[in-house]
Amino acid sequence: MKIAIHTLGCKNNQLESSTILDEFINNGWDVVEFNSIADAYIINTCTVTAKSDSHSRSFIRKAKKTNPDAIIVVIGCYAQTSAEELSKIEDIDLIIGNVDKFRTFELVNNYKKSALPDIIVKDVLKYKEFDEKKVFSASGRTRINVKVQDGCNYRCSYCIVPFARGPSRSNKIENVVKQIADVSKHYSEVVLTGIHLGQYGLDLKPDVNLSVLLRELENISSLKRLRLSSIDPLEITDELIETLSNSKKICRHLHISLQSADNDILYSMNRRYTVEQYSDIINKLTNKIDGLAIGSDIIVGFPGEDNIKFENTYNNLNELPICYLHVFSYSIRKGTIASNMPDQVPPEIKKERNKLLKELSDKKNYQFRKGFKDKILEIIPEFQRDRNNNALKGLSDNYISVQLDADDSYKGSIVPVKIIKVTKNNVVGVLNS
């Protein structure tokens, strides 16, 4: 039997897909590419934007076209929030929400074809348990994701994620330590992920926090490098800054969500902080941690974002020591507060603002990378070489992609390199002997 999967969205979805595939592999199924003939196709969906929903539907159609006789399975966030909408698509056999997604193998294995899709979607808002799953199938990769937290307790006015993922819940600290001690024997870098990572531990008894977890992980002898996924600015406490600055294993890289750099828009978004507070946190971090890379998410075209408010966002971002931006155009999500707000921004204006901020991101990223010319950075060369020039390529701890002319023996290991060339498109290093 052959299984194929396509995953949309965040690192958590990528990790969960790997975990689900593990069970198929352990039961004798072969994993094939999504464009190959398979007995079952899984689409692990994202629903952050209307575009993600559209992409999910596109891959559903693609799977059915590749093999009309296959079982088509839709799981994840879009399945959780829009099961009824998906049930109207004739090509789908199974719709599985986030509560039951780790039962995918069982449900596929026992599936009997019927005229209507089977819908297995429970109320995720009532779900209080963390799914403690391990994954070891990230073959061909230099890093592995480990999820320690799921869900979110906040209600940002634009965001569907709490309705897709449920309330915040954390893995027990001893489980996290054990899992990372195991996987770090096989991978040079571990990425700590969560839907709202900064809320880690607040639901545990007795409660702990992210700083406590990080200090425990620092003591794992086999752990070489630890990277954090996205975090909320107000969860970057003085304690966390001290923990990060004292660490010898945590990467100098933080993705700190901002969403807008205009205070009126932040207030409408229910984001709970001001541009000034965000700026103070960023400056504290960069003053304390030399060479720190900071990235952020920005939404353009939120309802009420006129030209002046967008200019505020652009100018404030230009001043902040951020080295890259993930830019999204606002997308109406049914059931959120913002979906009913007046002054919706026309699509063509969103597109132009998106373009301007992506250009700003490219400029800031180039400026950041230029600062490391003639300096030493440690990279982990990936197992796949660069398609264009066959060079080894890998990420530094502070999120700079570096190319290196070296043999395969360096793949997957932490390698010190001296940066000799920085252009707008790439960074080149040589082995630092």
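Of the 433 residues of the protein, 54% count as buried. The model is predicted. It contains 13 helices and 18 strands.

**Overall form**

The C-alpha atoms fill a box of roughly 65 × 55 × 50 Å along the principal axes. The radius of gyration is 22 Å, which agrees with the value near 22 Å that a compact globule of 433 residues would have. Contacts reach far along the chain. Among contacts with a separation of 6 or more, 72% join residues 24 or more positions apart.

**Nonpolar cores**

The largest nonpolar core holds 52 residues. Which of its members touch the most other members? They are Leu192, Leu285 and Leu317. Helix H11, residues 275–288, gives this core its largest share, five residues. Apart from this core lies another, of 20 residues. Its members include Ile43, Ile60, Tyr78 and Leu86.

Leu285 deserves a separate look. Not counting residues up to four places away in sequence, Leu285 touches Ile236, Ile241, Leu244, Leu254, Ile256, Leu292 and Ile294.

**The barrel**

Five strands close into a barrel. Their order is S14-S15-S16-S18-S17, and the pairing is mixed. From one strand to the next, the twist averages 50 degrees.

Strand S16 shows both kinds of pairing. Strand S15, residues 392–396, pairs with S16 in the antiparallel sense over four bridges. Strand S16, residues 401–404, pairs with strand S18, residues 427–431, in the parallel sense over two bridges. The table lists bridge partners in these pairings.

| Residue | Partner | Strand of the partner |
|---|---|---|
| Leu395 | Ser401 | S16 |
| Gln403 | Val428 | S18 |
| Leu404 | Gly429 | S18 |

S15 and S16 also form a hairpin, with four residues between them. What is the phi of Tyr399 in the turn? Tyr399 has a positive phi of about 65 degrees.

**Ser296**

Ser296 lies in strand S12, residues 293–300. Is Ser296 buried or exposed? Its relative accessibility is 0%, so Ser296 counts as buried. The cut-off for buried is under 20% relative accessible area.

The Ser296 side chain has polar partners. A polar atom of this side chain lies 3.0 Å from the backbone nitrogen of Leu258. A polar contact of 3.3 Å joins the side chains of Ser296 and Tyr278.

Leu258 and Tyr278 are also among the residues that Ser296 touches, when those up to four places away in sequence are not counted. The others on that list are His255, Ile256, Ser257, Ile322, Tyr324, Leu325 and His326. Ile256 is also touched by Leu285.

**Gly76**

Gly76 sits in strand S4, residues 71–76. Gly76 counts as buried because its relative accessibility is 0%. Which residues are in contact with Gly76, leaving aside neighbours within four places in sequence? They are Asn44, Thr45, Ile96, Gly97 and Asn98.

Gly76 can also be placed against Asp100. The two are 24 residues apart in sequence. In space, they are 9.1 Å apart, C-alpha to C-alpha.

Notes: Residues numbered from 1 in each chain as written. Predicted model: local features only at pLDDT ≥ 70, side-chain atom pairs only at ≥ 80, totals over all residues. Heavy atoms only, no water. Buried < 20%, exposed > 50% of the residue type's maximum accessible area, 1.4 Å probe, protein only. Polar contact = N/O pair within 3.5 Å; in protein donor to acceptor, adjacent residues only side chain to side chain. Contact = heavy atoms within 4.5 Å. Core = buried A, V, L, I, M, F, W, Y, C linked by side-chain atoms within 4.5 Å. Pairing = 2+ DSSP bridges. Axes fitted to C-alpha atoms, helices over the stretch in contact; angles between N-to-C directions. Rg over C-alpha atoms; globule rule 2.2 N^0.38 Å.
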